[in-house]
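Biologist: Please take a close look at the side-chain contacts made by aromatic rings, and then set them beside the charged pairs and the loop and helix positions around them. I would like one connected account.

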Amino acid sequence: MEGTKIPYKMLSQDAYSQWLGIEILECEIGRCKVAMMVRKEMLNSMYKAHGGITYSLADTAFGFAANTHGKFAVSIETSINHIEAVNEGDYLTAESVIEKVNNKLGFNIIEVKRGDELVALFKGVVYRTQKDWEE
């Protein structure tokens, strides 16, 4: 399967990312940029976006970019730094770029932004399986 088509297939099969309202803005081999709008039901008790929202957006970008190489790829370690609070109505983007790739591992840094403002920084390690993506 052509690598740049894989994220679209993944999104079509991912009910959670669809519930979040994630859309793919850009996609190429080793890179994917996604976006979403923060809704009221995503807020915590302090009326700010739950930390899992920015994590989920970044994780989706991470997974999509990692799989563009054509093999099933799964995360084995991730972490996030929440830098700024996120509010209802904020339009967020997350861009994942493969920083380093070898046969089995990939290392990514994903920036989550509100406009030009960095609101979270996600780091991830992905394991590449031998299983090919199929149409």
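Modeller: A residue is called buried when its relative accessible area is under 20%, exposed when that area is over 50%, and partly exposed in between. Tryptophan 133, with a relative accessible area of 10%, is therefore buried. Keep in mind that this is a predicted model.

Start with the rings. Across the whole structure, a search turns up four aromatic pairs. One of them joins phenylalanine 72 to tryptophan 133, with 4.3 Å from centre to centre and 20° between the planes. Planes under 30 degrees apart count as stacked, so this pair is given that label. Phenylalanine 72 belongs to strand β3, whereas tryptophan 133 is in the segment after β6 (117-132), so the pair ties together parts that are 61 residues apart in sequence.

The two rings fall into separate classes of accessibility. Tryptophan 133 is buried, as said, while phenylalanine 72 reaches 27% and counts as partly exposed. The ring of phenylalanine 72 also has a charge over it: the charged end of lysine 131 sits there, 4.6 Å from the ring centre. Phenylalanine 72 thus takes part in a stacked pair with tryptophan 133 and lies under the charged end of lysine 131.

A comparable arrangement involves tryptophan 19, whose ring has the charged end of arginine 39 over it at 4.8 Å from the centre. Ring pairs also link Tyr55, Phe62 and Phe122 into a cluster.

Helix α3 spans residues 51-67, and two further residues can be placed in it. Threonine 60 is in helix α3 and is buried, at 9% relative accessible area. A polar atom of the threonine 60 side chain lies 2.9 Å from the backbone oxygen of serine 56. Leucine 57 is also found in helix α3, and at 0% relative accessibility leucine 57 counts as buried. From leucine 57 to histidine 69 there are 12 residues in sequence, and their C-alpha atoms are 20 Å apart in space.

The loop leading into this helix has residues on the outside. Methionine 46 is in the loop between β2 (31-37) and α3 and is exposed, at 62%. Its C-alpha atom is separated by 21 Å from that of valine 112, which is 66 residues away along the chain. Tyrosine 47 has its place in the loop between β2 and α3 and is exposed too, with a relative accessible area of 65%. The backbone of tyrosine 47 has a positive phi of about 65°, although the residue is not a glycine. Most residues other than glycine have a negative phi.

Now the charged pairs. Taking a side-chain nitrogen of Lys or Arg within 4 Å of a carboxyl oxygen of Asp or Glu as the criterion, the count is eight salt bridges. Aspartate 90 and arginine 114 form one of these, their closest N and O atoms being 2.7 Å apart. Aspartate 90 lies in the loop between β3 (71-82) and β4 (91-101) and arginine 114 in strand β5 (residues 105-114), so this salt bridge ties together parts 24 residues apart in sequence. Both partners are buried. Arginine 114 also meets glutamate 117 in a salt bridge, at 2.9 Å from N to O; glutamate 117 is partly exposed, at 31%.

Shared partners likewise join Glu26, Glu28, Arg31 and Glu95 into one network of salt bridges. Within it, the side chains of glutamate 28 and arginine 31 meet at 3.3 Å, N to O. Arginine 31 is buried at 15%, whereas glutamate 28 is partly exposed at 40%.

One aromatic residue remains, on the surface. Tyrosine 91 lies in strand β4 and is partly exposed, at 36% relative accessibility. Together with Leu25 and Met37, Tyr91 makes a nonpolar surface patch of about 260 Å².

How values were computed: Residues are numbered from 1 along each chain as its sequence is written. This is a predicted model: local features need pLDDT of at least 70, side-chain atom pairs count only at pLDDT 80 or more; totals for chains, interfaces and linings use all residues. Side-chain values use heavy atoms; hydrogens and water are left out. Buried means under 20% relative accessible area, exposed over 50%, partly exposed in between (1.4 Å probe, protein chains only). Helices (H or I, at least four residues) and strands (E, at least two) are DSSP runs, numbered from the N terminus. Rings of Phe, Tyr and Trp (its six-membered ring) pair if their centres lie within 6.5 Å; planes under 30 degrees apart count as stacked, over 60 as edge-to-face and the rest as tilted. A charge sits over a ring if NZ of Lys or CZ of Arg is within 6 Å of the ring centre and within 35 degrees of the ring normal. Patches are made of residues with over 30% relative accessible area and no salt bridge: like charges are joined within 9 Å, nonpolar side chains (Val, Leu, Ile, Met, Phe, Trp, Tyr) within 5 Å. Accessible areas come from the Shrake-Rupley method with a 1.4 Å probe; for residues, only the protein chains shown count as cover. A polar contact is a pair of N or O atoms within 3.5 Å; within protein, one must be able to donate a hydrogen and the other to accept it, and residues adjacent in sequence count only if both atoms are side-chain atoms.
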